[in-house]
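I opened my notebook to record, step by step, what I looked up. The sequence and the structure come first, and my entries follow.

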Amino acid sequence: MNSAREPSAASFEAALGRLQQIAATLEQEGLELHEALALFEEGVALLRQAEQVLGASELRVRQLLGEGEAARLEPFPPADA
Amino acid sequence: MTWDLFSAAAAEREAAARRARPAVDNEALARAVAAAQAERGAGAPGATAWLAAAPARGEGWSVSALNALAREVVEGVLPPVWVVGEVTNFTRARSGHCYFSLRDRSAQLRCVMWRDEARRLPTAPAEGMEVRALGRLTIYEARGEFQLVVSELEGRGEGLWKLAFERLRAQLDAEGLTAPERKRALPRCPARIGVVTSADGAALRDIVSVIGRRAPWAELVLSGCRVQGDGAAAEIAAAIGRLSAAGLVEVLIVGRGGGSREDLWAFNDEAVARAICASPVPVVSAVGHETDFTITDLVADLRAPTPSAAAEAVVPDAAALRRELLGYGQRMGLAMQQALAGARAEHADASAVLAGALQRGLRARRERLAAAAARLQALSPLAVLARGYAVALGADGAVLRRPADFGARMPFTLRLADGSVPCRVEEAFEA
């Protein structure tokens, strides 16, 4: 599968879940400062990553052709159409 | 005699019958049938064949010839007709042909539906079901049976379709395939979404448009198939199967745009239902319009009223996601500020405590020192000597306490408050 966009899109849901967790943990009392800082940094990195995914501009559509071993994805609509 | 009486009566009956029998011109009959045949454009078997089959005057027709003749007459006279009646004894032979009778209160009609037509039936009609059949009358020559060859059979109102739907639904219910606890939750933000529909249908256009607007980061994987007509159900089931096997997507939309009940019928097919149940990822059904309800809807994890609604259901809105992300950012920022403020306050508190402890420690030590000094002062022999007392010390510095400690002529020292005086014993003390 091509393009660097896929892993980030695939982890988008996980990123959202983790962000929610981080926000909730940070809001709890009694967190050591160094722990809070580490969480904050992780959260900011996730936010950036998620925003990058959200910035994608065009939906990709591909068509699954063939079966079993011969299964392949082709652009849709086909380029020659 | 009985025998004679009987034969006489029989002979009498025969004679009467002979008198009553109309004169039949077989040749004329054959010509009439052939002419009728020619008139409606049916070639075979032709006038000569009928003339050849017609028996000579005074002879009888063969059964085969007569049945063939009767069939020609029956088929020639009546155009295809619609008949209404109750179905009885419906059976589907191994060959796929279906046999049954139609009846009303006083009569029955044998019917046959050949395999190709029977395949289009949504299901077998139930015993006693009111139906309407289109067919042409014929005679099954081998048995001389009068029958209707049915090309279309439909229940009154929604009859057969409803029956087919209810039968499959009952079966799937019994297998637990429609149970609410089987429904899986959809992923919140799927990166890849499978779509099983026609590659050139309105449904695909709607789905692409909605997901492109709401979640352009996603990717659609189309598994194309025909969605109506003969064989469509098998194609839909296969398209679902291919996507399942490829393991590419996190959620699946199966559907098509609106259409007649017959157009949507493929989505009431058992093979499609089972393919959906076997899907490893959640399936959203999107068949027709709001009011259309299919078996696919029953077994899917979520029923969407339309393809556009299905698209909305599988992806979150980008704007809503941005708001959510912003919310996390704000919460994290605020919590971090508080954590820092807390840490600063704690630091200040700790310093104050430390300083206080230090000071308190010092003061206590100073006081203890003063007390110790006072006690030392009180115990000091110098204080006693200062009051005018003296102490006698031997040469080795030991205190001489008793008269016996003083030997004759022994030197000793008298220790006074501000100095010492060397002394000598004049005379030893005698007890």
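In which sense do strand E3 and strand E5 of chain B pair, and over how many bridges? Before answering I noted that this is a predicted model. I then looked up strand E3, residues 108-113 of chain B, and strand E5, residues 145-155 of chain B, and found that they pair in the parallel sense over three bridges. To fix one place along this pairing, I noted that B:Cys111 stands opposite B:Leu148 in E5(B).

Next I looked up what lies against this sheet, and I found helix H6 of chain B, residues 159-174, which packs on the sheet and touches strand E4 (130-140) and E5 of chain B. The direction of helix H6 makes about 70° with that of E5(B).

I then followed the strands of chain B around, and wrote down that five of them close into a barrel in the order E1-E2-E3-E5-E4, with mixed pairing. Neighbouring strands of this sheet are turned by 50° against each other on average, direction ignored.

My next entry concerns the two chains together: 36 residues of chain A are in contact with 32 residues of chain B. On the side of chain A that touches chain B, helix H1 (5-10), helix H2 (12-27), helix H3 (33-54) and strand E1 (60-65) each supply at least two residues. I sorted the residues of that side into 23 nonpolar, five polar and eight charged.

Finally I looked up strand E1 of chain A again, and found that E1(A) pairs in the parallel sense with strand E7 of chain B, residues 219-224, over four bridges. Here A:Arg60 stands opposite B:Glu219 in E7(B).

Technical notes: Residues numbered from 1 in each chain as written. Chains lettered and ligands numbered in written order. Predicted model: local features only at pLDDT ≥ 70, side-chain atom pairs only at ≥ 80, totals over all residues. Pairing = 2+ DSSP bridges. Axes fitted to C-alpha atoms, helices over the stretch in contact; angles between N-to-C directions. Contact = placed C-beta atoms within 7 Å. Nonpolar A, V, L, I, M, F, W, Y, C, P; charged D, E, K, R; others polar.
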